[in-house]
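Subject: Handover of the structure

Hello,

I am passing this structure on to you, with some notes on what turned up in it. Please open it alongside the text below.

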Amino acid sequence: MHIHIFGVGAVGCYVASQIPTDENKVTLLLHTQQHIKQFEDRGRSILYTRLNETEKKLGFDTELINTTTSTSKNDSVIEYLVICTKAQYTISALKPLIHRLTKDSTVLILQNGMGMIENIKEAYWKNQEWPRFLVGVNRNTVVRTAPFEITHSSGWVGDDGLVIGDKDPFLQLFCCPTTFKALVLPWKQVEKRMIKKLVMNACTNPISALMKSVNGPIFDNNPATEGLMLSICQEASQVFGELLESPDSVYKTAKGFMCSAKHFSCSMLQDISAHKTTEVDYINGYLCGLASRQGKALPVNQTIVELIHSLERVVSVSY
């Protein structure tokens with residue numbers, strides 16, 4: 001099968017590195033000629049490191065997508081598309097590909113936050129039949145150390161590093177025991193996992209960005225941070241009800257995960273450090289929007305959203 005990967009940061013490179021290129025055609029969708037050159041300079045390879053062992057992954061095609069002018073020189077239909085871009089960039093960046101996606105296309109979304117499928121349909125498929133959308137919950141910790149170089153630090157032990165809703169031949173690729181070892185579950189089970197990951201991100205990612213620190217000093221034996229994390233989880237439980245585990249359980253899981261990755265920094269801090277916009281509107285902002293539609297208010301999460309947007313402006317992020 002022919003798989004296009006949209007977004008070649010840490011997650012995109014991880015996905016590409018795990019797909020057997022001798023059995024499938026894998027095309028990396030790159031935004032600029034500079035990205036094409038960087039990939040060529042690295043021998044058209046992705047360097048994948050796990051447990052201090054590095055492997056050079058080869059066999060990828062590339063295609064230039066101009067997101068500035070919203071054009072693509074290629075009009076061929078995309079059979080399978082994996083979206084790994086940050087949520088805040090997805091709608092605009094996807095525009096050059098819309099005419100290549102049909103009702104027979106399959107789109108798998110692997111990113112933080114929730115609400116993206118609804119936003120994509122609203123933007124591009126209001127009154128027409130849309131592609132088949134799938135969502136995944138990715139618990140693998142992957143760090144981009146350089147362009148097309150990644151370190152996989154956790155998530156490969158057990159069978160829930162990647163969980164996807166639905167089942168078809170495309171998803172069997174992700175279930176292969178030699179690649180992702182993904183679980184394919186009914187949507188209701190996937191939804192619960194998505195919600196838990198959303199809340200875990202909500203109570204860790206923005207705090208990391210605001211503190212401008214790697215995870216360890218923030219989340220390991222820091223009572224003030226712990227209280228803030230728990231407050232965010234408690235507010236989330238007001239909107240999700242029984243779909244979410246108890247606030248204490250989510251908080252403890254999130255804290256344990258952050259402490260196990262104490263030398264790493266969250267993606268939101270990476271965005272702030274790179275003077276980029278963050279995905280806060282699809283994480284804490286999503287929680288606040290959901291609460292508003294229920295006639296509720298989440299003051300802690302709303303404050304977090306406002307602080308992150310303020311920080312974005314302070315570091316001169318362009319909108």
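The notes go from the whole chain to one sheet and then to two helix pairs.

Please keep in mind that this is a predicted model.

Overall picture

The protein chain has 13 helices and 12 strands. Taken along the principal axes, its C-alpha atoms fill a box of roughly 50 × 50 × 40 Å. The radius of gyration of the protein chain is 19 Å, which agrees with the value near 20 Å that a compact globule of 319 residues would have.

The sheet

One open sheet is built from four strands, in the order β4-β3-β10-β9, and its pairing is mixed. Its edge strands are β4 (53-57) and β9 (141-146), each of which pairs on one side only. From one strand to the next, the twist averages 25°.

Two of the pairings can be followed in detail. Strand β3 (residues 46-50) and strand β10 (residues 149-154) run parallel and are joined by four bridges. In this pairing, Leu-47 stands opposite Glu-149 of β10. On the other hand, β9 and β10 run antiparallel, with five bridges between them. Here Val-143 is the residue opposite Thr-151 in β10. β9 and β10 also form a hairpin, with two residues between the strands. Phe-148, in the turn of that hairpin, has a positive phi of about 65°.

A helix lies across this sheet as well: α1 (residues 10-18) lies across β3, β4, β9 and β10. Relative to β3, helix α1 runs at about 90°.

The helix pairs around α12

Two packed helices are described by the angle between their axes and the distance between those axes. Both pairs below involve helix α12.

For helix α9 (residues 223-240) and helix α12 (residues 284-293), the angle is about 40° and the axes are 9 Å apart. The two helices are therefore oblique to each other, since an angle under 35 degrees would be needed to count as roughly parallel. Their crossing is left-handed. On the α9 side, the contact is made by Ile-232, Ala-236, Val-239 and Phe-240. On the α12 side, Asn-284, Tyr-286, Leu-287, Leu-290 and Ala-291 take part. By class, this contact of α9 with α12 has eight nonpolar residues, one polar and no charged.

The other pair is α12 with helix α13 (residues 299-314), which pack at about 135° with their axes 9 Å apart. That angle makes α12 oblique to α13, because only angles over 145 degrees count as roughly antiparallel. α12 passes α13 in a left-handed crossing. From α12, the residues Asn-284, Gly-285, Leu-287 and Cys-288 meet Asn-301, Gln-302, Ile-304 and Val-305 in α13. The contact of α12 with α13 divides into four nonpolar residues, four polar and no charged.

Asn-284 and Leu-287 of α12 are worth finding in the viewer: they belong to the contact with α9 and also to the contact with α13.

Regards

Notes. Residues numbered from 1 in each chain as written. Predicted model: local features only at pLDDT ≥ 70, side-chain atom pairs only at ≥ 80, totals over all residues. Heavy atoms only, no water. Axes fitted to C-alpha atoms, helices over the stretch in contact; angles between N-to-C directions. Parallel < 35°, antiparallel > 145°, perpendicular 65-115°, else oblique. Left-handed = near helix turned anticlockwise from the far one by under 90°. Contact = heavy atoms within 4.5 Å. Nonpolar A, V, L, I, M, F, W, Y, C, P; charged D, E, K, R; others polar. Pairing = 2+ DSSP bridges. Rg over C-alpha atoms; globule rule 2.2 N^0.38 Å.
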